[in-house]
Amino acid sequence: MSQIVVVGAGLAGLAAGCHLAGRGHDVLVTERESLPGGRAGRETAAGFVFDTGPSVLTMPQLIADTLGAAGVQLADVLTLRRLDPAYRAVYADGSTLRVRAEHAAMRAEIEQASGPVDAAAYDRFTGWLAELYDAEWSRFIDRNFGTALDLVSSPRAAARLLRLGAFGRLGPAVRRRFADPRLHRLFSFQALYAGLSPDDALALYAVITYMDTVQGVWYPDGGMHAVPAALATAFEKAGGRIRYGTEVTELLRRADTGAVAGVRFADGDTERADAVVLTPDLPVAYRRLLPELRPPRAVRNGTYSPSAVVWHLGVRGRPDDDIAHHNIHFGHEWASAFDALLGGRLMPDPSRLVTVPSRTDPAAAQAGDSTLFVLEPVPNLTADLDWKAQAGPMRERLLQFLDDAGYPTEIVVEHLVTPLDWEHGGMHLGTPFSLAHTFRQTGPFRPPNVEKRVPGVFFAGSGTVPGVGVPMVLISGKLAADRISRYVGQGAR
């Protein structure tokens, strides 16, 4: 039985652990915190419960697949509810649109707000999204790459993507399909998840729009942290072990081959390993655990995504009934706001996300109160911004925005997270969104999930393939497990 160590009990590490343990490997997951989750963390204060990581959950089948790899059924450890609406979009002119869960309801929403022509266009648009998803998934997302030539290993699949316009730009692709400018924003803002403006993102990233608009946005009973908690339960049921409150400080190597031989912990203990999965942000993983190696070019000099300020609040009172779980407030500006953000400046007219978990899960707050957060995209730490000085004014602007938008603002407890806090948490350049998904940082051009110079070292997480977001990091754990299964099957000991 091969012994595997996974560094980090976040979503990527737990996904790798579930797949590896389910295949019969002896797996230890190490975690420096006292609970699982990594970036998908949890905090409590004064009777309020805060999810400190991802808030938009799509593609629940990937969670089911990960749990199933460990022999556990999703329904036994996790209850997911589809949000309807998935989002409430609020525009600067005061109008609103709701992204409805069912196609017919969404079509009716568009027809009422934008007219029958755009409603009919929505039918064609979702068909296009479904085709893109089908063309991309198995050949370009859920797979390991050897070299860039793998992109053309299936000429028919590549030709299909070209025919679908996947290598054009997302913003223009959406504008060609709808007349209402509000729909342009609603169906292209997802480019920001990829670290790009809609006019810079490849149209193939419309697959993100497919995930939340067509497949739906979900919320787990108990909050987002219930997802890593369920994965940890499944992993341990499959025979895996988790060691909390300990940090890996060194990779041990074999003297004869240089291959990984185990890990050393901060307290001096060691653990033997035939292979190790590293899930920290790639620059951090190389700096702390592979300091003798020159990281891949994209890790050293790549384009990193913008960051975000997130203000978590526990407040007195409940929001009005028209406020949804997820609320996107679009500013007047669009293209110029992205120009400022990607140019290292605060957005002069920002769009913001307000999420109210207690709208769906009343247990997230005390009776009659609310838990919410507001997120504003901001530049990462390459920008010339002093966040020690900016934090106070940012808080006041966000407070004024929430008050003007009709959210309860009698604050009981609060926690403002800036890029400095993300950096302190181990995220390079203070961004939780890692490398942007430019063409040169996508697919086989993204930093690989295997370190060939140190046999037995593999990576999982948002910095490697396939990329950023809950669905992608779950897949990254599986892809790392696939590589390890082949590696140890070749006799690596």
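These legends accompany views of a predicted model, from the whole chain to the residue N449.

**View 1. The whole protein chain, with 17 helices and 20 strands.** The C-alpha trace spans about 70 × 55 × 50 Å along its principal axes. The radius of gyration is 22 Å, which agrees with the value near 23 Å for a compact globule of 493 residues.

**View 2. Burial and long-range contacts in the protein chain.** Of the 493 residues, 59% are buried. Take the contacts between residues at least 6 apart in sequence: 71% of them join residues at least 24 apart.

**View 3. The surface and charges of the protein chain.** The accessible surface comes to about 19,300 Å². Carbon and sulfur atoms account for 51% of that surface. The chain carries 50 positive and 54 negative side chains. The centres of these two sets lie 8 Å apart.

**View 4. N449 in its loop.** This loop runs between α16 (419-424) and β19 (450-451). N449 has 1% relative accessibility, so it counts as buried; the cut-off for buried is under 20%.

**View 5. The side chains of N449 and N144.** A polar contact joins the two side chains. Its length is 2.8 Å.

**View 6. The surroundings of N449.** Neighbours within four places in sequence are left aside here. Beyond them, N449 is in contact with N144, F458, F459 and T464. V465, L479, A480 and R483 are also in contact with N449. N144 therefore appears in two views: it is among these contacts, and its side chain shares the 2.8 Å polar contact with N449.

Conventions. Residues are numbered from 1 along each chain as its sequence is written. This is a predicted model: local features need pLDDT of at least 70, side-chain atom pairs count only at pLDDT 80 or more; totals for chains, interfaces and linings use all residues. Side-chain values use heavy atoms; hydrogens and water are left out. Helices (H or I, at least four residues) and strands (E, at least two) are DSSP runs, numbered from the N terminus. Buried means under 20% relative accessible area, exposed over 50%, partly exposed in between (1.4 Å probe, protein chains only). A polar contact is a pair of N or O atoms within 3.5 Å; within protein, one must be able to donate a hydrogen and the other to accept it, and residues adjacent in sequence count only if both atoms are side-chain atoms. Contact means heavy atoms within 4.5 Å. The radius of gyration is taken over C-alpha atoms; the globule rule is 2.2 Å times the number of residues to the power 0.38. Accessible areas come from the Shrake-Rupley method with a 1.4 Å probe; for residues, only the protein chains shown count as cover. Lys and Arg count as positive and Asp and Glu as negative; His and the chain ends are not counted. The place of a charge is taken as NZ of Lys, CZ of Arg, CG of Asp or CD of Glu.
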